[in-house]
Amino acid sequence: MASSVGVDDYALTRVPDHARYSWWSVAVQRFGQVSALSQFLLGATVGFGMSFWNAVLAFTLGSVILELITILVGVIGVREGLSTSMIARWTGFGRGGSALIGLAIGISLIGWFGIQSAVSAQGLAALIGGLPEWGWALLFGLLVTAIVVRGFHSMAWTAYLTVPAFLILVGWSVISELTRHDLGTLVSSAPPGPSLSLLQGTTLVAGGFIVGAVITPDMTRFNRSTSDVVKQTLVGITLGEYVIGLSGVLLAHAVGSAGITTIVTSSVGWVGLLIVIAGTMKINDWNLYSSGLGVVNFIGTVSGRKAHRGLVTAVLGVAGSLLAAAGILAKFTDFLTVLGVAFPPIAGIMVAEYFVVKKWRGDLEAARARGTVPEEAPVWVPATIVVWIAAAVFGEFVEWGLPSINSLVVAFVLYVVAGKLGLVRGIGSSRTAEAAPAVQSA
């Protein structure tokens, strides 16, 4: 039954060489993640409180931070061919810690999947009517679920269609509005709203995509080389942040408001409709995809039984769509934001373990040579849990600097120190049921 529900997409095994894609195919999807309607809202928020050139500097600093994190974590993904939560077993977290990561990813991203579906439903109901908001939320959520159940290949083709459509239609909408104003005046004008500092602006830019950066291995495991990861990251994040983000800045200066989403989506009826569909679909499919991978790892770890990714994704997608239709998820936004504080330290620990401490790096390399995953993994790594919690608390409560980056850097430093002091040790050992070569996609 499960095998008839979509494809498993190597959820718990390495992606073999023959199943990997060109850098451009993956880059289009990366760009699709960063060039969403939410990015316009981010740009407008920054532009409402900053001059254009200060906003450019904030986007530059934020982009560099995101690119560095994304490349480092992405290189781990392409080398090992494993999802984020699976890699975590041998990058400091152990089997138990990776289950917690899988659960956190699953809850967080299915929550955002539902919220994005609800936001799209509001736009669709306002633009064309026909169905109430709950009906559009259910329909849209199920449509995205059907695409994601079919796996990476289906999502790639969706990106080929939606990314160009989104850029063309949004470009039309933005240019239509900006041609009514003098560009030189907009660039030199003072921010229309309360002032934001450079640090605050950079925090908004870097924090806006930090979760997407942390779960990068879910995407880069389908790349063919580390150079592909670097190219797609530089192209995807740079274009997404600058083209979409700075357009939002100019629009905020043009209309004197941070609420520019309505301008982008309602300039022409059917254009606005297509923008809503394309802009949400290409980020929401990855919300659901990574959520499914995280939950599959959690189920496998806790129950010892392999859950089929397609079936798990279908269940999560239906659940997220129903919750969106019921209007429940809007009440969980604050909870999901708090949960997001737990993500940056994960990247810091993974990078520290893989590139510096290397406690389990040899196990990964030996298994990679066989085309499998390591036969055993530690059950728990107590030092990692302590570092994870300490870094998350630091990021949440220390107000100086960039919270998400603070927690990531603190996690990296503390883990390296713990490793050098010999404190990074696993407790218990569990056999990896998935330690067999991946020869074909189920």
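Colleague: Is Val174 buried or exposed?

Modeller: Val174 is buried, its relative accessible area being 6% (buried is under 20%, exposed over 50% and partly exposed in between, with a 1.4 Å probe and protein chains only). This is a predicted model, in which local features need pLDDT of at least 70 and side-chain atom pairs count only at pLDDT 80 or more, while totals for chains, interfaces and linings use all residues. Residues are numbered from 1 along each chain as its sequence is written, and side-chain values use heavy atoms, with hydrogens and water left out.

Colleague: Where does Val174 lie, and which residues is Val174 in contact with, leaving aside neighbours within four places in sequence?

Modeller: Val174 belongs to helix 7 (residues 152–178); helices are DSSP runs of H or I with at least four residues, numbered from the N terminus. Beyond neighbours within four places in sequence, Val174 is in contact with Phe40, Ser247 and Leu251 (contact means heavy atoms within 4.5 Å). From Val174 to Gly135 the separation is 39 residues in sequence and 29 Å in space, C-alpha to C-alpha.

Colleague: What is the relative accessible area of Asn284?

Modeller: The value for Asn284 is 0%, so this residue is buried. Asn284 is part of helix 14 (residues 269–303). Neighbours within four places in sequence apart, the contacts of Asn284 are Trp112, Phe113, Gln116, Ser117, Phe140 and Val144.

Colleague: How should the packing of helix 17 and helix 18 be read?

Modeller: Two packed helices are described by the angle between their axes and the distance between the axes. Here the axes of helix 17 (residues 343–357) and helix 18 (residues 361–370) come within 9 Å, crossing at roughly 80°; axes are lines fitted to C-alpha atoms over the stretch in contact, with angles from 0 to 180 degrees between N-to-C directions. Helix 17 is therefore roughly perpendicular to helix 18 (a range of 65 to 115 degrees). Helix 17 contributes Glu353, Tyr354 and Phe355 to the contact, and helix 18 contributes Arg361, Leu364 and Arg368. By class, these are three nonpolar, no polar and three charged residues (Ala, Val, Leu, Ile, Met, Phe, Trp, Tyr, Cys and Pro are nonpolar, Asp, Glu, Lys and Arg charged, the others polar).

Colleague: How many cavities of 30 Å³ or more does the structure hold?

Modeller: A cavity is a set of points on a 1 Å grid where a 1.4 Å probe fits but cannot get out, and lining residues have an atom within 4 Å of a point. The structure holds one of 30 Å³ or more. Among the residues lining the largest cavity are Arg30, Asp218 and Trp286. Helix 1 (23–34), helix 11 (217–220) and helix 14 each give two or more residues to that lining.

Terms used. Parallel < 35°, antiparallel > 145°, perpendicular 65-115°, else oblique. 1 Å grid on protein atoms, 1.4 Å probe; cavity = no way out; pocket = protein on both sides within 12 Å on 5 of 7 lines; lining within 4 Å. Points joined across faces, edges and corners; volume = space filled by probe spheres on them.
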